[in-house]
Amino acid sequence: MRIALFSAKPFDREFFDRANARHRHEIVYFEPGLDAATAGLAAGFACVCPFVNDRLDKPAVEALAAGGTRLLALRSAGFNHVDLDAAAERGITVARVPAYSPHAVAEHAVGLLLTVNRKLHRAAARVRDHNFALDGLMGFDLHGKTVGLVGTGRIGEAFARIMLGFGCTVIASDPNPDDELARLGVRYVGLHDIFERSDVVSLHCPLTPETHHLISDHALARMKPGVVILNTSRGAVIDTRAVIRALKAGRLGGLGIDVYEEEGDLFFRDLSDRALQDDVLARLLTFPNVVVTAHQGFFTREAMDAIAEITLANATAFERGSIPAANLVSVQVHVVNPA
Ligand code: NAI
């Protein structure tokens, strides 16, 4: 197929060109993000490949349809950036990559935990400055501590297994408990228990109306003083302003996040020579016990290989009229916001 790949970064070219040696589509890489203003670039491309922060609202979808697009091959699991009704109306098929490497995200969450707890971000900067003092760098043993997970799907399960290996007590909340994890010693409890008993709370649930701002003033007030909170799921699971209040009050031990509720206009871009316009993120970045990464949990060679391969395989399958059902997105699917 002729594929217009938007928000293209050098790493996209590398992985998609490699996977395309097998699929032999014609890929044209466009650096701009995809929205109604740039959709015209895709005229004549039957397949369009957007990324998570591209904006496929109704005008954009209609412009794509007018240009002959028949397949939106999302290179993400999430599809909250697509107006699915508009796509259905215009007869555009929407496919996605439902799962790539859960280990990539789980291991990144562990990285955030170790960084926040042992203050590695500060330690490395200090040593670079030839400051070899240890004051202020003390952490705690993870061994023997209680880690509370919200969500034990693919990523939560991988994270739970790593934490069990660290010698932690792992408790979890999920409407669909995992029997294998329970057999390994993970105890399923209510959210109330997760908040009250955990030394570390890690979020691995999707963003749904139910999980929106799950970490609220109310939830934070019930947590142990010094708790570390990790978020590699979706930004809006955390009420950022509530977390800032808890950080200011000194109630949080630390915060490690790879996602942020207003990340859409910031992440995946180099804005280092401009004034940061987001005052909430700017405040968050002032706390010494906060580590923010810019949605890089998926960013491993293995995950990128899988994303490129599955995205192009969706295009190949579309041509043959046989996209696997699990990779198709329909308006009936109710998961609001996976990454
Ligand atoms: P999954 O679908 O395998 O697992 C999600 C789990 O959350 C399921 O077991 C589900 O039952 C559970 N869940 C749903 N509602 C819940 C609730 N109210 N309370 C507790 N648990 C609930 O998804 P997967 O692949 O494990 O992804 C988890 C999250 O990670 C998603 O939100 C996704 O957006 C995010 N993600 C982040 C990436 C990154 O680069 N930071 C990359 C890929 C995914």
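**Exercise 1. Find the partners of Asp 12 and place the residue.**

Solution.
Step 1. Leave aside the neighbours within four places in sequence; Asp 12 is then in contact with Leu 5, Ser 7, Asp 17, Tyr 29, Arg 75 and Met 304. The model is a predicted one.
Step 2. Locate the residue. Asp 12 belongs to helix H1, residues 10-23.
Step 3. Check its accessibility. The relative value for Asp 12 is 4%. The cut-off for buried is under 20%, so Asp 12 counts as buried.

**Exercise 2. Describe helix H1: its span, its bend, its buried residues and its end.**

Solution.
Step 1. Take the span. H1 has 14 residues and reaches 20 Å from first C-alpha to last. That is close to the 20 Å expected at 1.5 Å a residue.
Step 2. Look for a bend. H1 has a kink of about 25°, and Asp 17 is at its centre. Asp 17 is also among the contacts of Asp 12.
Step 3. List the buried residues. In H1 they are Asp 12, Phe 15, Phe 16, Ala 19, Asn 20 and His 23.
Step 4. Find what they pack against. The partners are strand S1 (2-5), strand S2 (26-29) and helix H12 (301-320).
Step 5. Step off the end. Just after H1, Arg 24 has a positive phi of about 60°.

**Exercise 3. Decide how the buried residues of helix H2 are arranged around its axis.**

Solution.
Step 1. Name them. In H2 (residues 58-66), the buried residues are Ala 60, Val 61 and Leu 64.
Step 2. Use the arc. These residues cover an arc of only 95° around the axis, so they are on the same side of H2.
Step 3. Identify the packing partners. The buried residues of H2 pack against strand S3 (47-49), strand S4 (71-73) and helix H3 (84-89).
Step 4. Look past the helix. Gly 68 follows H2 and has a positive phi, near 100°.

**Exercise 4. Work out where Ala 36 sits and what touches it.**

Solution.
Step 1. Place it. Ala 36 is in the loop between S2 and S3.
Step 2. Classify it. Its relative accessible area is 36%, so Ala 36 is partly exposed.
Step 3. Collect contacts. With neighbours within four places in sequence left aside, Ala 36 is in contact with Arg 55, Asp 57, Pro 59 and Ala 60. Ala 60 is one of the buried residues of H2.
Step 4. Take a distance. Ala 36 and Ala 313 are 277 residues apart along the chain, and their C-alpha atoms are separated by 27 Å.

**Exercise 5. Trace the seven-strand sheet and look at strand S7 within it.**

Solution.
Step 1. Write the order. The 7 strands run S8-S7-S6-S9-S10-S11-S12 in an open sheet with parallel pairing.
Step 2. Mark the edges. Strand S8 (187-188) and strand S12 (290-292) are the edge strands, and each pairs on one side only.
Step 3. Take one pair. S6 (residues 146-150) and S7 (residues 169-173) are joined by 5 bridges in the parallel sense. Leu 149 stands opposite Ala 172 in S7.
Step 4. Judge burial. In S7, 4 of the 5 residues are buried, so the strand is largely enclosed by the rest of the structure.

**Exercise 6. Explain why Cys 168 and Cys 205 form no disulfide.**

Solution.
Step 1. Search. The whole structure has 0 disulfides.
Step 2. Take the gap. The cysteine sulfur closest to that of Cys 168 is in Cys 205, 20 Å away. A disulfide needs the sulfurs within 2.5 Å, so this pair is too far apart for a bond.
Step 3. Reverse the check. From Cys 205, the nearest cysteine sulfur is that of Cys 168, at 20 Å.
Step 4. Add accessibility. Cys 168 is buried at 7% relative accessible area. Cys 205 is buried too, at 9%.

**Exercise 7. Place two loop residues with positive phi: His 213 and Phe 268.**

Solution.
Step 1. Recall the background. Most residues other than glycine have a negative phi.
Step 2. Take His 213. Its phi is near 55°. His 213 lies in the loop between strand S9 (200-203) and helix H9 (217-222). With a relative accessible area of 26%, His 213 is partly exposed.
Step 3. Take Phe 268. Its phi is about 75°, again positive in a residue that is not a glycine. Phe 268 lies in the loop between strand S11 (252-257) and helix H11 (279-284).

Definitions and conventions: Residues are numbered from 1 along each chain as its sequence is written. This is a predicted model: local features need pLDDT of at least 70, side-chain atom pairs count only at pLDDT 80 or more; totals for chains, interfaces and linings use all residues. Side-chain values use heavy atoms; hydrogens and water are left out. Helices (H or I, at least four residues) and strands (E, at least two) are DSSP runs, numbered from the N terminus. Buried means under 20% relative accessible area, exposed over 50%, partly exposed in between (1.4 Å probe, protein chains only). Two strands pair if DSSP finds at least two bridges between them. Contact means heavy atoms within 4.5 Å. The arc is that of the directions from the helix axis to the C-beta atoms. The expected span of a helix is 1.5 Å times one less than its number of residues. The bend at a residue is the angle between axes fitted to the seven residues ending there and the seven starting there.
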